[in-house]
Amino acid sequence: QEDRSNTLQMSMPTMALQLHREVRKTCVSALILMRNKGAIPPLRLLELFFRIMAVVPDKALRELLYKHMVNDIRNINKKGKRDDKVNRSIQSYLHRVVSTH
């Protein structure tokens with residue numbers, strides 16, 4: 001399963017524009033499901049989703065990506081479940097994104 005997630009994660013941004021809109025949405029939904037099951041670390045998926053958002057003109061897909069990213073970060077910070085290490089890595093990544101653009 002790790003191999004499949006790696007393949008999907010690596011090829012998704014480069015081939016996103018070549019895929020049909022429904023196929024893109026299905027791939028993203030599969031990645032979200034894998035993240036919800038704990039098969040993909042949150043930072044890895046966040047980075048991927050930012051790269052996809054940068055190249056895909058599909059507004060509905062960008063909204064799905066945004067909603068998942070916000071909900072995932074919110075769930076990471078739920079009371080009693082907070083993960084400071086993950087929070088620091090996400091903050092660091094977001095700072096790099098903002099400072100480079």
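# Exercises on a five-helix chain

Four residues of helix 5 are a good place to start: Val86, Asn87, Ile90 and Tyr93 are buried there. The model you are looking at is predicted. Each exercise below comes with a worked solution.

## Exercise 1: The sides of helix 5

Find how the buried residues of helix 5 are placed around its axis, and name the exposed residues.

Solution.
- Step 1. Mark Val86, Asn87, Ile90 and Tyr93, the buried residues of helix 5.
- Step 2. Look down the axis. The buried residues cover an arc of only 130°, which puts them on the same side of helix 5.
- Step 3. Recall the general rule: an α-helix has 3.6 residues a turn, so residues three or four places apart point the same way.
- Step 4. Turn to the other side of helix 5. Lys85, Arg88, Gln91, His95, Ser99 and Thr100 are exposed there.
- Step 5. Ask what lies over the buried residues of helix 5. The cover includes helix 3 and helix 4.

## Exercise 2: Checking the span of helix 5

How far apart are the end C-alpha atoms of helix 5?

Solution.
- Step 1. Helix 5 runs over residues 84–100, which makes 17 residues.
- Step 2. The expected span is 1.5 Å times one less than the number of residues. For helix 5 that gives 24 Å.
- Step 3. The end C-alpha atoms of helix 5 are 24 Å apart, which agrees with the expected span.

## Exercise 3: The chain as a whole

How many helices and strands does the protein chain have?

Solution.
- Step 1. Count the elements: there are 5 helices and 0 strands.
- Step 2. Read them from the N terminus on, and the order is α-α-α-α-α.
- Step 3. Add the burial figure: of the 101 residues in the chain, 32% are buried.
- Step 4. Look at the contacts with a separation of 6 or more. Residues 24 or more positions apart account for 57% of them.

## Exercise 4: One face of helix 4

Describe helix 4 by its span, its buried residues and its exposed residues.

Solution.
- Step 1. Helix 4 has 18 residues and reaches 26 Å from its first C-alpha to its last, close to the 26 Å expected.
- Step 2. The buried residues of helix 4 are Leu61, Leu65, His68, Met69, Asp72 and Ile76.
- Step 3. Seen down the axis, the buried residues fall within an arc of 100°, so they line one face of helix 4.
- Step 4. On the other side of helix 4, Lys59, Ala60, Tyr66, Lys67 and Arg74 are exposed.
- Step 5. Helix 2, helix 3 and helix 5 are among what covers the buried residues of helix 4.

## Exercise 5: Helix 3 and Met53

Which residues of helix 3 are buried, and which residues does Met53 contact beyond its neighbours within four places in sequence?

Solution.
- Step 1. Helix 3 has 14 residues and reaches 21 Å from its first C-alpha to its last, close to the 20 Å expected.
- Step 2. Pro42, Leu45, Leu46, Leu48, Phe49 and Ile52 are buried in helix 3.
- Step 3. These residues cover an arc of only 165° around the axis, which puts them on the same side of helix 3.
- Step 4. Now find Met53, also in helix 3. Its relative accessibility is 25%, so Met53 counts as partly exposed.
- Step 5. Leaving aside neighbours within four places in sequence, Met53 is in contact with Arg62, Leu65, Tyr66 and Met69.
- Step 6. For the pair Met53 and Tyr66, the C-alpha atoms are 8.6 Å apart in space, while the residues are 13 apart in sequence.

## Exercise 6: Two residues of helix 2

Is Arg35 buried or exposed? Then place Glu22 in the structure.

Solution.
- Step 1. Arg35 sits in helix 2. The cut-off for buried is under 20% relative accessible area; Arg35 has 14%, so Arg35 is buried.
- Step 2. Not counting residues up to four places away in sequence, Arg35 touches Ile40, Pro41, Pro42, Leu45, His68, Asp72 and Ile76.
- Step 3. Glu22 is found in helix 2 too, which covers residues 21–36. With 42% relative accessibility, Glu22 counts as partly exposed.
- Step 4. Glu22 and Leu61 are 39 residues apart in sequence and 9.4 Å apart in space, C-alpha to C-alpha.

## Exercise 7: The cavity

Which residues line the largest cavity?

Solution.
- Step 1. A search of the whole structure finds 1 cavity of 30 Å³ or more. The space in the largest cavity is about 50 Å³.
- Step 2. Its lining is made by Pro42, Leu45, Leu46, His68, Met69, Asp72, Ile73 and Ile90.
- Step 3. Helix 3 and helix 4 are the elements that give two or more residues to this lining. Helix 4 gives the most, with 4 residues.
- Step 4. Sorted by class, the lining has 6 nonpolar, 1 polar and 1 charged residues.

Definitions and conventions. Residues numbered from 1 in each chain as written. Predicted model: local features only at pLDDT ≥ 70, side-chain atom pairs only at ≥ 80, totals over all residues. Heavy atoms only, no water. 1 Å grid on protein atoms, 1.4 Å probe; cavity = no way out; pocket = protein on both sides within 12 Å on 5 of 7 lines; lining within 4 Å. Points joined across faces, edges and corners; volume = space filled by probe spheres on them. Nonpolar A, V, L, I, M, F, W, Y, C, P; charged D, E, K, R; others polar. Buried < 20%, exposed > 50% of the residue type's maximum accessible area, 1.4 Å probe, protein only. Arc of directions from axis to C-beta. Contact = heavy atoms within 4.5 Å.
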